[in-house]
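Subject: Handover of a structure and notes on its features

Dear colleague,

Please find below the structure that I am handing over to you. My notes on it follow directly after.

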Amino acid sequence: MSAPASAPESVFGRLEPRLASVSKPIQYVGGELNSTVKDWDCAPEGETVHWALMYPDAYEVGLPNQGVQILYEVLNERDWIVAERTYAVWPDMERVMRAGDAAGPIPQFTVDAHRPVRAFDLFGFSFSTELGYTNMLNAVDLAGIPLHAADRGEDDPIVLAGGHAAFNPEPIAAFIDAAVLGDGEEVVLAISEVVREWKQEKNGPGGSAMTRDELLRRLAVSGGVYVPRFYDVVYAEDGTIEAVVPNRPGIPFRVRKHTLMDLDAWPYPSKPLVPLAETVHERYSVEIFRGCTRGCRFCQAGMITRPVRERSIRTIGDMVENGIRKSGFEEVGLLSLSSADHTEIGEVAKDLADRYEGSNVSLSLPSTRVDAFNITLANEFSRNGRRSGLTFAPEGGSERMRRVINKMVTEEDLIRTVATAYSHGWRQVKLYFMCGLPTETDEDVLAIAELAKQVIAKGREVSGRNDIRCTVSIGGFVPKAHTPFQWAGQLDHETTDERLKKLRDTVREDKRFGRAIGFRYHDGKPGTIEGLLSRGDRRVGAIIEQVWRDGGRFDGWSEHFSYERWVASAETGLAGTGVDLDWFTTREREYDEVLPWDHLDSGLDKDWLWADWEDALAAAEGSDIEVEDCRWTPCYDCGVCPVMGTEIQIGPTGQRLLPLSVV
């Protein structure tokens, strides 16, 4: 893994003659505005560290990913680091690459300088969904890197996993060398420092001791990088885990997550990538705060990103202006897990709308909590742009279900909110729900239809119009690690589909409202596989590998996903283990069971999570239990702030944005 005497040769000369034979060839070309190409040995002194960063999906999904863009920029700002990007190739390009030419197969390459990924020191994956695992295996194999970490040699890159799915990396433990939990901005630089020092020692006297294993040991002893090979998993006779223990001295029993506390000091991306091909998001996104303490029991993102840390209004204003200028984007998305909860969101909305009034710049918020919406805010965000539909996420169809998931929004709250929107000129509302939540019944799901009908009726009443629309969008609930629902049994896909069919039929049969209600849902099978991957242990790795070997790619895309392939691979991969697909998915866990991720520290106290799970079950029986947002109440001891040495950081700051002056 020491730096080669010369830069690895670009594969573009081999690739270019074949681009005409594949779909959307422009996605493999690179050269986007604000992309970076650096000399391979760019360090002014010492060793250069080389990163290949990958969001394991197609270019159109991967390029807008903000996490990868931020790390790409943070790393390349250092004059001793080269960071380049790579994305999953479509099956037609995979065939071209595997067929190759006279020089052999064309390896997985970066889009920046078309360098072979295997030449880099580190190959980092950012996972937002577990359904990207087969794409990871495909990229590793195309790169010419041994699939299993145990088979990799001294010249192979360190394969790392990050992102939300990395909070339980056990299903892919056989394929990764390391995993990082939490915010990446600071830790990727710390990892780079360790690699740089290791490379310098490797190329100095006594360098033979600087093995790949020694580099991994150095990363692991820090307590902030998880190296699966340094931990043994012991299974009990009933198939559960008995223990996960370090297998060598100096390796910590628990690996902690990373938390970036001062977001204002990290205003990235400051040079947003502008895609050459069409992507899923054509906008500049600013993360206005990180973390959420609303306490929705199903929400892994809210649990693992605590505590709340806000960006100041002036930093937000500077990022918006800089991003527009550097990218040319005309839409700006103000993102977070619940953007309307920013303590100065009213001032942010008004001041940004004032700045860009009369221009082509439009501002948008993602889906808004019903209890955080106000019409003044909505009007500010639509001042420059077209008045599109509003999206709200009640999540549960009945008030009983909303108590179970701690989404304390009443039917009256929702009707009052949509009445306000419809009376002020909005014509479309989208409502997002989940099916398969713990303790759910058919009646809870059918309540979604009644709620949608009430929304239409109220909209017609307050607007005096009949062109009112409501779209109901439903996703299947998947229990996730580090949440109060991590012990819950997952609803089987047959029951999920049956309930959703009943709901669809109930909506369509209504002559008065049926045509005004749109209905969108996916079948329950992909959710079952996501559940397997999200709460699986190391035994699940054999299933992932078999699916990939049988042609599994792009499992997050319905047209590529095959439930039958996953079921068949589960039967093969789990043969002889005493456990099966249902054991990982529909089985409810007990308090004393060792969970596959218990040695990975998200900061959340396991006893607090269990107590919240018990509160959910009590709420299902009628108890009026609410866990309030700890931004506005005394601490309720979830564990994050004392364990992680962090704190909630919110305003108001009293700052305002100044108008932009014409230069």
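How many bridges join β4 to β5, and do they run parallel or antiparallel? Two bridges join these strands, and the two run parallel.

Before the details, a word on the basis of these notes. This is a predicted model, in which local features need pLDDT of at least 70 and side-chain atom pairs count only at pLDDT 80 or more, while totals for chains, interfaces and linings use all residues. Residues are numbered from 1 along each chain as its sequence is written, and side-chain values use heavy atoms, with hydrogens and water left out.

The parallel sheet

Strands β4 and β5 belong to an open sheet of five strands, ordered β2-β1-β3-β4-β5, with parallel pairing. The edges are held by β2 and β5 (178-179); each has a single partner strand, so one side of each has no neighbour in the sheet. Helices (H or I, at least four residues) and strands (E, at least two) are DSSP runs, numbered from the N terminus, and two strands pair if DSSP finds at least two bridges between them.

Going through the sheet from the β2 edge, seven bridges join β1 to β2, and Tyr55 has Tyr87 as its bridge partner in β2. Strand β1 (residues 49-55) is also joined to β3, by four bridges; here Ala52 is partnered by Phe123 of β3. Five bridges then link β3 to strand β4 (residues 158-162), with Ala161 of β4 as the bridge partner of Phe125. Between these two strands the chain passes through helix α5 (residues 133-142), and this β-α-β crossover is right-handed (with the strands pointing away from the viewer, the path from the first strand over the helix to the second runs clockwise). At the other edge, Leu160 has Ala178 as its bridge partner in β5.

Two of these strands may be described by their burial, where buried means under 20% relative accessible area, exposed over 50%, and partly exposed in between (1.4 Å probe, protein chains only). In a regular strand the side chains alternate between the two faces of the sheet. In β3 (residues 122-126), five of five residues are buried: Leu122, Gly124 and Ser126 lie on one side, and Phe123 and Phe125 on the other. In β2 (residues 81-87), seven of seven residues are buried. Ile81, Ala83, Arg85 and Tyr87 point one way from β2, whereas Val82, Glu84 and Thr86 point the other way.

Helix α6

Helix α6 covers residues 185-202, and its end C-alpha atoms are 26 Å apart. That agrees with the 26 Å expected for its 18 residues at 1.5 Å a residue (the expected span is 1.5 Å times one less than the number of residues). Among the buried residues of α6 are Val187, Val188, Leu189, Ile191, Val195 and Trp198, together with the charged residues Glu185, Arg196 and Lys199.

Cavities

What is the volume of the largest cavity? It holds about 80 Å³ of space, and the structure has five cavities of 30 Å³ or more. A cavity is a set of points on a 1 Å grid over the protein atoms alone where a 1.4 Å probe fits but cannot get out, and lining residues have an atom within 4 Å of a point. Grid points are joined across faces, edges and corners, and a volume is the space filled by probe spheres set on the points.

The largest cavity is lined by 15 residues, of which Asp537, Trp583, Arg587, Glu593 and Pro596 are the closest to its centre. Its lining comprises seven nonpolar, two polar and six charged residues (Ala, Val, Leu, Ile, Met, Phe, Trp, Tyr, Cys and Pro count as nonpolar, Asp, Glu, Lys and Arg as charged, and the others, Gly among them, as polar).

Backbone exceptions

Most residues other than glycine have a negative phi, and most peptide bonds are trans. Lys24, however, has a positive phi of about 45 degrees; Lys24 lies in the loop between α1 (12-15) and β1 and is partly exposed, at 47% relative accessibility. Glu395 likewise has a positive phi, near 70 degrees, but Glu395 is in strand β14 and is buried, at 7% relative accessible area.

Cis peptide bonds join Tyr268 to Pro269, with omega about 0 degrees, and Gly651 to Pro652, with omega about 5 degrees. Pro269 lies in the loop between β8 (255-256) and β9 (284-287), and Pro652 in the segment after α21 (640-644).

Yours sincerely

Terms used:
1 Å grid on protein atoms, 1.4 Å probe; cavity = no way out; pocket = protein on both sides within 12 Å on 5 of 7 lines; lining within 4 Å.
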